[in-house]
Amino acid sequence: REAGWGNVHVVRGDATRLPIADEGFDAVYAAMSLTATADPVAAVDAAHDALRPGGRLAVLDARPFQHWPLRLLNLVLVPLFRATTDWAPDADVPAAIERRFEDVTVTNYTDGTLFVAAGRRPA
């Protein structure tokens, strides 16, 4: 399903198999959604393919605690969130972005549980 406002279009579909032509978009933004897909790395790849050369990707998402001693909380939180949501905490979304994009920045918040990652598709 698609909705549009001038030069902005919102497309709803499977994030790993986008129903759009390759290299058709200037930017892709995903907020708290990539790690809720069945294959977050494939979703990063699809976003890459959807972007024109030089296009930008921006992602806000979550992952388990990254450092001791807060990592102990993962023993409870990860199974709880897996059971109650579609969260895929094992996927390393920042690493997937770093593999496919240039000029990548990753900013971590809350001991790395929240992150903002951005990159540019190579020209």
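**Exercise 1. Describe the lining of the second largest pocket in this predicted model.**

*Solution.* Start with the residues themselves: 15 of them line the second largest pocket, and those nearest its centre are Met32, Ala62, Arg63, Phe81 and Trp87. Next, look at the space they surround, which has a volume of about 240 Å³. Then turn to secondary structure: β4 (51–62) and α2 (74–84) each contribute at least two lining residues. Of these elements, α2 gives the largest share, with three residues. Finally, sort the lining by chemistry, and you will find eight nonpolar, four polar and three charged residues.

**Exercise 2. Now work out which elements line the largest pocket, and what kinds of residue are found there.**

*Solution.* Begin with the volume, about 680 Å³ for the largest pocket. There are 26 lining residues, and Val11, Phe25, Ala27, Val28 and Tyr29 are the closest to the centre. Three elements give two or more residues to this lining: β2 (8–11), β3 (25–31) and α1 (40–50). The largest share comes from β3, which supplies seven residues. By type, the lining holds 18 nonpolar, six polar and two charged residues.

**Exercise 3. Is threonine 113 buried or exposed? Find its place in the chain and its contacts too.**

*Solution.* First, locate the residue: threonine 113 sits in the loop between β5 (102–109) and β6 (114–120). Second, apply the cut-off for buried, which is under 20% relative accessible area. Threonine 113 has 12% relative accessibility, so it counts as buried. Third, follow its side chain, which reaches the backbone oxygen of threonine 110 at 2.8 Å. Last, leave out residues up to four places away in sequence, and threonine 113 touches Asp61, Ala62, Arg63, Pro64 and Phe65. Two of these contacts may look familiar: Ala62 and Arg63 were also listed near the centre of the second largest pocket.

**Exercise 4. Where is phenylalanine 101 found, and which residues does it touch beyond those up to four places away in sequence?**

*Solution.* Place the residue to begin with: phenylalanine 101 lies in the loop between α3 (93–100) and β5. Its relative accessibility is 6%, and therefore phenylalanine 101 counts as buried. Now list its contacts, again without residues up to four places away: Val44, His48, Leu51, Leu57, Gly119, Arg120, Arg121 and Pro122. Take leucine 57 as a worked case. It is 44 residues from phenylalanine 101 in sequence, while the C-alpha atoms of the two are 8.5 Å apart in space.

Note on methods:
Residues are numbered from 1 along each chain as its sequence is written. This is a predicted model: local features need pLDDT of at least 70, side-chain atom pairs count only at pLDDT 80 or more; totals for chains, interfaces and linings use all residues. Side-chain values use heavy atoms; hydrogens and water are left out. On a 1 Å grid over the protein atoms alone, a cavity is a set of points where a 1.4 Å probe fits but cannot get out, and a pocket is an open set with protein on both sides within 12 Å along at least five of seven lines; lining residues have an atom within 4 Å of a point. Grid points are joined across faces, edges and corners, and a volume is the space filled by probe spheres set on the points. Ala, Val, Leu, Ile, Met, Phe, Trp, Tyr, Cys and Pro count as nonpolar, Asp, Glu, Lys and Arg as charged, and the others, Gly among them, as polar. Buried means under 20% relative accessible area, exposed over 50%, partly exposed in between (1.4 Å probe, protein chains only). A polar contact is a pair of N or O atoms within 3.5 Å; within protein, one must be able to donate a hydrogen and the other to accept it, and residues adjacent in sequence count only if both atoms are side-chain atoms. Contact means heavy atoms within 4.5 Å.
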